[in-house]
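Biologist: Please pick one part of this model and take a close look at it. I'd like to hear what surrounds it, and how the packing continues from there into the rest of the chain.

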Amino acid sequence: MSTALATERLRKRFAKWDIDGSGSLERADLEKEGEKIAQAFGKSPTSPEGQAMRSAFTTMFGYLADNAGVGADGALTEDDFVRVAQKMMFEDGETAFDGVLGPVVRGIVGLCDKNADGQINGAEFASWLTAVGVDRSQASGTFAQVDANGNGELSVDELLAAVRDFHFGRSEIELLG
């Protein structure tokens, strides 16, 4: 993956997560992103699912803030965010990426997995896309691309791999909006 493509994708992610448009990323921005996703599924931010989403995003912020040297109450500039995320991706690798983004993916699966089987079907996946701001009309084609084993269900591992592959430049499938 080129650094330019990674930088472009990370800057887009920063802009999406800078909820208040301040030009910096604070813990509150990521808390609000988690709450927004829970509410898109009709869940209260105080529900167990809403709390799981908020926790996943605040844990991610903690990782970013610690690695940027700004502390838990600090704010990340866009350059801080890109630098830390690129280090995580290109130096620390896939295991670090999975550790940081895995809870977010598991939280979203928990929200849209209506039959609680730990996997999501095509209709549940379409709900995922809508909740994170991706055009729902792309759902069926995207589902087929992400369903690595072709069984008609998506596991957390398949979804995390798809998110990771997008950020590592191995795919054009964007699942976090």
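Modeller: Let's start from E31, a residue of helix α2. Keep in mind that this is a predicted model. Is E31 buried or exposed? Its relative accessible area is 17%, under the 20% cut-off, so E31 counts as buried. Which residues does E31 touch, once neighbours within four places in sequence are set aside? They are R54 and T58, and both positions fall within α3, which runs over 48–68. That contact leads us from α2 into α3.

α3 includes P48, and this proline contrasts with E31: P48 has a relative accessibility of 64%, so it counts as exposed. Looking back along the chain, P48 is 10 residues from A38, and their C-alpha atoms are 9.9 Å apart. A38 belongs to α2, which covers 27–40.

From α3 we can step on to α5. The axes of these two helices are 9 Å apart, and the packing angle is about 165 degrees. With that angle over 145 degrees, α3 is roughly antiparallel to α5. The crossing of α3 past α5 is left-handed. On the α3 side the contact is made by E49, M53, A56, F57, M60 and Y63. They meet V100, L101, P103, V104, G107, I108, G110 and L111 of α5. The spacing in these lists has a simple background: an α-helix has 3.6 residues a turn, so residues three or four places apart point the same way.

α5 also takes us into the interior. The largest nonpolar core has 52 residues, and its members that touch the most others are W128, L159 and L175. Helices α1, α2, α3, α4, α5, α6, α7 and α8 each supply at least two residues to this core. The biggest share, nine residues, comes from α5. As background, nonpolar side chains tend to be buried together in soluble globular proteins. W128 is a good residue to centre your view on. Not counting residues up to four places away in sequence, W128 touches F41, V105, I108, V109, C112, I120, L159 and L175. Two of these partners, L159 and L175, are themselves among the core members with the most contacts. I108 turns up again here, as it is also one of the α5 residues met by α3.

W128 falls within α6, residues 122–131, and α6 has a helix partner of its own in α7. These two pack with axes 9 Å apart at an angle of about 110 degrees. An angle between 65 and 115 degrees makes α6 roughly perpendicular to α7. In that contact G122, F125, A126 and L129 of α6 meet A139, T142 and F143 of α7.

Now for another pair, α1 and α4. Their axes come within 9 Å and cross at roughly 125 degrees. This angle fits neither the perpendicular range nor the antiparallel one, and therefore the two helices are oblique to each other. α1 passes α4 in a right-handed crossing. T3, A6, T7, L10, R11, R13, F14 and W17 make the contact from α1, and E78, D79, F81, V82, A85, Q86, M89 and F90 make it from α4.

The burial pattern of each helix goes with this. In α1 the buried residues are A6, T7, R9, L10, R13, F14, K16 and W17, and they pack against β1, α2, α3, β2, α4 and α8. So our starting helix, α2, is also among the partners of α1. In α4, D80, F81, V82, V84, A85, Q86, M88 and M89 are buried, under a cover that includes α1, β1, α3, β2, α5 and α8.

A geometry check may please you as well. Each of these helices has 15 residues, and at 1.5 Å a residue the expected span is 21 Å. The end C-alpha atoms are 20 Å apart in α4, which agrees, and 21 Å apart in α1, which agrees too. α4 is followed by G93, which has a positive phi near 90 degrees.

Positive phi also occurs at A116, at about 55 degrees, although this residue is not a glycine. A116 sits in the loop between α5 and β3 and is exposed, with a relative accessible area of 66%.

Technical notes. Residues are numbered from 1 along each chain as its sequence is written. This is a predicted model: local features need pLDDT of at least 70, side-chain atom pairs count only at pLDDT 80 or more; totals for chains, interfaces and linings use all residues. Side-chain values use heavy atoms; hydrogens and water are left out. Helices (H or I, at least four residues) and strands (E, at least two) are DSSP runs, numbered from the N terminus. The expected span of a helix is 1.5 Å times one less than its number of residues. Buried means under 20% relative accessible area, exposed over 50%, partly exposed in between (1.4 Å probe, protein chains only). Contact means heavy atoms within 4.5 Å. A nonpolar core is a set of buried Ala, Val, Leu, Ile, Met, Phe, Trp, Tyr and Cys residues joined through side-chain atoms within 4.5 Å. Axes are lines fitted to C-alpha atoms, for helices over the stretch in contact, and angles run from 0 to 180 degrees between N-to-C directions. Angles under 35 degrees count as roughly parallel, over 145 as roughly antiparallel, 65 to 115 as roughly perpendicular and the rest as oblique. A crossing is left-handed if the near helix is turned anticlockwise from the far one by less than a right angle, and right-handed if clockwise.
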